[in-house]
Amino acid sequence: GLYLFWFIIESIADYEMTQFRKIKFKKMLRGHSIRYTMNEIIVEKGGTFYGWKYDFLMTGLRKYCCHPNYFAEMWIWAIFYAFGVVNYHQYYSWISIIGLIGYLSLCFKLYKLAKLTEGILAYSYGSYYRY
């Protein structure tokens with residue numbers, strides 16, 4: 001049940017991003033930012049301009065977490081590790097140790113990837129800091 005839950009969360013996160021990128025690409029084909037309509041601009045704090053609403057996805061699962069697909073992926077592999085521990089009834093069997101090393105390396109890789117992605121977004125979009 002838990003595996004299926006996190007798999008569905010990851011699938012929803014990927015689907016939302018795919019749909020967002022399709023919309024963003026269509027909007028970008030229209031041309032320079034001077035052609036944006038007012039309902040496409042994020043206006044906050046007394047009319048101060050903070051950016052185009054298609055700069056990055058801020059709705060759906062990303063309203064609660066910047067990288068929901070990474071979060072769900074880590075939970076999926078944690079569940080695999082837990083099943084390995086439960087099946088062998090030992091925390092120190094070779095399969096459990098390899099599973100733990102794999103899980104921790106995945107967490108480290110996704111953490112570094114998220115930091116890299118956020119650095120690129122912060123550099124590319126001035127409005128990213130508000131996200």
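Here a trainee and a mentor talk through a predicted model of a protein chain.

Trainee: Before we trust anything, which element of the protein chain has the lowest mean pLDDT?

Mentor: Bear in mind that this is a predicted model. The mean pLDDT of the chain is 76, and 67% of its residues reach 70 or more. Among the elements, α1 has the highest mean at 88, and the lowest, 53, belongs to β2.

Trainee: Okay, and what pattern does the chain follow along the sequence?

Mentor: There are 3 helices and 2 strands to place. Two of the helices are α1, covering 2-28, and α2, covering 68-88. Read along the sequence, the pattern is α-β-β-α-α.

Trainee: What share of the contacts with a separation of 6 or more comes from residues 24 or more positions apart?

Mentor: Let's look at one case to get a feel for it. E16 sits in helix α1, and its C-alpha is 8.2 Å from that of L61, 45 residues apart in sequence. E16 is also in contact with L57, T59, G60, L61 and R62, leaving aside neighbours within four places. For the chain, the share from residues 24 or more positions apart is 68%.

Trainee: L57 turned up there; is L57 buried or exposed?

Mentor: L57 is in the loop between β2 and α2. Its C-alpha lies 8.7 Å from that of R21, with the two positions 36 residues apart in sequence. The relative accessible area of L57 is 8%, and the cut-off is under 20%, so L57 counts as buried.

Trainee: How many residues make up the largest nonpolar core?

Mentor: Go through the members: W6, I9, A13, L61, A72, I76 and I79. The elements giving two or more residues to this core are α1 and α2. One member, A72, touches W6, I9 and E10 when residues up to four places away are not counted. The core's total is 7 residues.

Trainee: N69 is in that region too, I guess. Which residues is N69 in contact with, leaving aside its neighbours within four places in sequence?

Mentor: N69 lies in helix α2. At 16% relative accessibility it falls under 20%, so N69 counts as buried. Its contacts beyond those neighbours are E10, A13, D14 and R62.

Trainee: And H67, where does that one lie?

Mentor: H67 is buried, with a relative accessible area of 16%. Leaving aside neighbours within four places in sequence, H67 is in contact with A114, T117 and E118. As for its place, H67 lies in the loop between β2 and α2.

Trainee: On to the rings: what kind of aromatic pair do Y3 and F7 form?

Mentor: A pair of aromatic rings is described by the distance of the centres and the angle of the planes. Y3 and F7 both lie in helix α1, 4 residues apart, about one turn of the helix. Their ring centres are 6.1 Å apart and the planes differ by 15 degrees. The cut-off is under 30 degrees, so the pair counts as stacked.

Trainee: Are Y3 and F7 buried, partly exposed or exposed?

Mentor: Y3 has 34% relative accessibility. F7 has 41%. Buried needs under 20% and exposed over 50%, so Y3 and F7 each count as partly exposed.

Trainee: Which residues do ring pairs link into a cluster with Y3 and F7?

Mentor: The count of aromatic pairs comes to 7, and the Y3 and F7 pair is one of them. Ring pairs link Y3 and F7 into a cluster with W77 and F80.

Trainee: What does Y103 touch, not counting residues up to four places away?

Mentor: Y103 is found in helix α3, residues 94-124. Its C-alpha is separated by 9.0 Å from that of F80, 23 residues apart along the chain. The residues Y103 touches are M74, W77 and A78.

Trainee: How many disulfides does a search of the whole structure find?

Mentor: Take two residues, C65 and C107. C65 is partly exposed at 28% relative accessible area, whereas C107 counts as buried at 17%. The number of disulfides found is 0.

Trainee: Last one: what percentage of the accessible surface belongs to carbon and sulfur atoms?

Mentor: Buried residues make up 30% of the 131 residues in the chain. The accessible surface comes to about 9,500 Å². The part belonging to carbon and sulfur atoms is 68%.

Technical notes. Residues numbered from 1 in each chain as written. Predicted model: local features only at pLDDT ≥ 70, side-chain atom pairs only at ≥ 80, totals over all residues. Heavy atoms only, no water. Core = buried A, V, L, I, M, F, W, Y, C linked by side-chain atoms within 4.5 Å. Buried < 20%, exposed > 50% of the residue type's maximum accessible area, 1.4 Å probe, protein only. Contact = heavy atoms within 4.5 Å. Phe/Tyr/Trp six-rings, centres within 6.5 Å; stacked < 30°, edge-to-face > 60°. Areas by Shrake-Rupley, 256 points an atom, 1.4 Å probe, with all protein chains shown as cover. pLDDT = per-residue confidence, 0-100. Disulfide = S-S within 2.5 Å.
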